[in-house]
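Thank you all for coming; I would like to take a few minutes to walk through one structure. Please have a look at it before I begin.

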Amino acid sequence: LQLVESGGGLVQPGGSLRLSCAASGATLDDYAIGWFRQAPGKQHEGVSCISSSGGSSRYADSVKGRFTISRDNAKNTVYLQMNSLKPEDTATYFCAVGAGDHITTMQKLCVNDYYYSDWGQGAQVTVSS
């Protein structure tokens, strides 16, 4: 299974972007998927996760109410819609395969990279005026 992120770019504060995480080599509908981000000089931060069916999701407090995770298993793709972007959202965003749907039952599991594998190469998001 390989994951490829796309949709990053430069956006002004208050703007929106939608990231995509496309899979090859396997179908995504068997897997929970998570999004993480890493800014220069900062730790890896869990952002959101979604169960294999899309029926359950969790968010980090820092993005709750602004970001929405979704998936289209027919397209083998998971999305992260990011609205009301702030400069502190600037980071490289990664998607990864979760250890199982159970990671979506608790935020502390969802945002812990210990429970993930098969990371994508990342997409850069820059929020700046």
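Which strand do three bridges join to β11, and do the two run parallel or antiparallel? The strand is β2, residues 9-11, and in this predicted model it runs parallel to β11, with three bridges between them. To place that pairing on the sequence, you can look at Gly9, which stands opposite Val125 in β11. Strand β11 also has β9 as a partner, again through three bridges, but here the two strands run antiparallel, and Thr92 is the residue that stands opposite Gln124.

While we are on β11, please notice its two faces, since Ala123, Val125 and Val127 make up a covered face, whereas Gln124 and Thr126 make up an uncovered one.

That brings me to the interior. In general, nonpolar side chains tend to be buried together in soluble globular proteins. Here the largest nonpolar core has 28 residues, and the members that touch the most others are Leu19, Trp35, Phe67, Val78, Leu80, Met82 and Tyr93. Several strands contribute to this core, with at least two residues coming from each of β3 (17-24), β4 (33-38), β5 (45-50), β7 (67-72), β8, β9 and β11 (123-127). Apart from this core there is another, made of eight residues, which include Ala32, Cys49, Ala96 and Cys110.

Two of those names lead to the next topic, the disulfides. How many does a search of the whole structure find? The search finds two, and if we count the bonded cysteines along the chain, they follow the pattern 1-3, 2-4.

Let me take the link between Cys21 and Cys95, in which the sulfur atoms are 2.1 Å apart. Because Cys21 belongs to strand β3 and Cys95 to strand β9, this pair ties together parts of the chain that are 74 residues apart in sequence. The torsion about the S-S bond is about 80 degrees, and the disulfide is therefore right-handed. As for solvent, Cys21 has a relative accessible area of 0% and is therefore buried, and Cys95, also with a value of 0%, is buried as well.

The other link joins Cys49 to Cys110, with a distance of 2.2 Å from S to S. Its torsion about the S-S bond is -135 degrees, and the link is left-handed. Cys49 sits in strand β5 while Cys110 sits in helix α1, residues 107-110, so this pair ties together parts that are 61 residues apart in sequence. Both Cys49 and Cys110 are buried.

I would like to finish with a charged residue, Asp89, which you will find in the loop between β8 (77-82) and β9 (91-98). Is Asp89 buried or exposed? Asp89 has a relative accessible area of 0%, and because buried here means under 20%, we can call this residue buried. With which side chains does the side chain of Asp89 make polar contacts? One partner is the side chain of Arg37, at 2.9 Å, and another is the side chain of Arg66, at 2.7 Å. Leaving aside residues up to four places away in sequence, Asp89 touches Arg37, Arg66, Phe67, Ser84, Val125 and Val127. That list takes us back to where we started, since Val125 and Val127 belong to the covered face of β11, and Phe67 is among the residues that touch the most other members of the largest nonpolar core.

Note on methods:
Residues are numbered from 1 along each chain as its sequence is written. This is a predicted model: local features need pLDDT of at least 70, side-chain atom pairs count only at pLDDT 80 or more; totals for chains, interfaces and linings use all residues. Side-chain values use heavy atoms; hydrogens and water are left out. Helices (H or I, at least four residues) and strands (E, at least two) are DSSP runs, numbered from the N terminus. Buried means under 20% relative accessible area, exposed over 50%, partly exposed in between (1.4 Å probe, protein chains only). A polar contact is a pair of N or O atoms within 3.5 Å; within protein, one must be able to donate a hydrogen and the other to accept it, and residues adjacent in sequence count only if both atoms are side-chain atoms. Contact means heavy atoms within 4.5 Å. A nonpolar core is a set of buried Ala, Val, Leu, Ile, Met, Phe, Trp, Tyr and Cys residues joined through side-chain atoms within 4.5 Å. Two strands pair if DSSP finds at least two bridges between them. A disulfide is a pair of cysteine sulfur atoms within 2.5 Å.
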